[in-house]
Structures are given as structure tokens and as C-alpha cells.
Amino acid sequence: MKKQFAFFLMGKDYQTGRDQATFETPGMITHIYTVHSLPEACALAAQCAAQGVGAIELCSAFGQAGAREIRQAAGEGVAVGYVVHDPDQDPVFAAFWGS
């Protein structure tokens with residue numbers, strides 16, 4: 001049985017259900033999903049767990065608190081991580097994202 005991994009991107013401009021992709025190799029199935037909100041992501045995490053996804057990585061929009069909620073929604077058997085950057089990059093990220 002192949003391992004399954006998912007990556008969640010969160011943003012208001014994504015069209016959930018349309019903006020997604022799946023890649024398959026001999027040993028892994030990788031899913032990239034987009035969501036609009038944390039509640040939507042929590043529902044998706046539970047669905048992924050039920051379908052056998054063993055690890056979920058989150059974009060930085062989720063942060064530590066969002067990652068905790070996703071971890072609860074996915075359950076104890078799913079590894080959940082989230083993207084971070086070095087604090088010295090804050091000005092560069094702020095310039096790019098406009099925040």
C-alpha cells in the first residue's frame with residue numbers, strides 16, 4: 001500500500017475543489033489541496049485521515065495555532081507540520097504579501 005501525504009494551502013482567492021493536484025509515484029501519493037478557511041481545512045483534514053493520509057503539511061497561513069486545530073481534526077495517527085521561516089525574513093515576506 002502506498003503512503004499518502006497532503007499539503008494544504010489556505011487563501012481567499014483559491015477555488016476549493018478546482019485548485020488541487022495529485023501526484024503519484026511508485027511509493028507515494030501526494031495531494032495538494034486549497035482551502036478558504038481553518039474550519040474548511042479541519043473538515044478536509046478529517047476526510048484525509050479517513051482516506052489513509054498519514055502526514056499533512058500546512059502553508060504558513062495556518063501558523064502554530066491552526067496546526068494544532070488541524071492536528072485535532074486529523075487525529076493522533078496523522079503527522080501534522082507547518083511551514084515557517086526565519087524571523088529575519090519577516091520584512092521580505094511582508095513586502096511580498098502586503099502585510
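The exercises below work through a predicted model of a protein chain.

**Exercise 1. Describe the fold of the protein chain: how many helices and strands are there, and what pattern do they follow?**

Step 1. The protein chain holds three helices and five strands.

Step 2. Reading along the sequence gives the pattern β-β-β-α-β-α-β-α.

**Exercise 2. State what the radius of gyration says about the protein chain.**

Step 1. For 99 residues, the value expected of a compact globule is near 13 Å.

Step 2. The protein chain has 14 Å, which agrees with that value.

Step 3. For the extent in space, the C-alpha trace spans about 45 × 25 × 25 Å along its principal axes.

Step 4. For the contacts, take those with a separation of 6 or more: 62% of them join residues 24 or more positions apart.

Step 5. For the surface, about 6,400 Å² is exposed, and carbon and sulfur atoms supply 57% of this area. Of the 99 residues, 27% count as buried.

**Exercise 3. Decide whether Val 53 is buried or exposed, and find which residues it touches.**

Step 1. Locate the residue: Val 53 sits in the loop between α1 (38-50) and β4 (55-58).

Step 2. The relative accessibility of Val 53 is 4%. Buried means under 20%, so Val 53 counts as buried.

Step 3. Leave out residues up to four places away in sequence; Val 53 then touches Gln 4, Phe 5, Ala 6, His 31, Cys 48 and Val 78.

Step 4. Gln 72 is 19 residues from Val 53 along the chain, and their C-alpha atoms are separated by 15 Å.

**Exercise 4. Classify Thr 25 by its accessibility, and say where it lies.**

Step 1. Thr 25 belongs to the loop between β2 (21-24) and β3 (28-35).

Step 2. Its relative accessibility is 42%. The partly exposed class lies between the 20% and 50% cut-offs, so Thr 25 counts as partly exposed.

Step 3. From C-alpha to C-alpha, Thr 25 and Gly 63 are 29 Å apart in space, with their positions 38 residues apart in sequence.

**Exercise 5. Characterise the largest pocket: what is its volume, and which residues line it?**

Step 1. The volume of the largest pocket is about 270 Å³.

Step 2. The lining is made up of Leu 9, Met 10, Tyr 14, Cys 59, Ser 60, Ala 61, Val 83, His 85, Phe 93 and Trp 97.

Step 3. At least two lining residues come from β1 (3-10), and at least two from α3 (90-97).

Step 4. Sorted by type, the lining has eight nonpolar residues, two polar and no charged.

Terms used
Residues numbered from 1 in each chain as written. Predicted model: local features only at pLDDT ≥ 70, side-chain atom pairs only at ≥ 80, totals over all residues. Heavy atoms only, no water. Helix = DSSP H or I, 4+ residues; strand = E, 2+ residues; numbered from the N terminus. Buried < 20%, exposed > 50% of the residue type's maximum accessible area, 1.4 Å probe, protein only. 1 Å grid on protein atoms, 1.4 Å probe; cavity = no way out; pocket = protein on both sides within 12 Å on 5 of 7 lines; lining within 4 Å. Points joined across faces, edges and corners; volume = space filled by probe spheres on them. Nonpolar A, V, L, I, M, F, W, Y, C, P; charged D, E, K, R; others polar. Rg over C-alpha atoms; globule rule 2.2 N^0.38 Å. Contact = heavy atoms within 4.5 Å. Areas by Shrake-Rupley, 256 points an atom, 1.4 Å probe, with all protein chains shown as cover.
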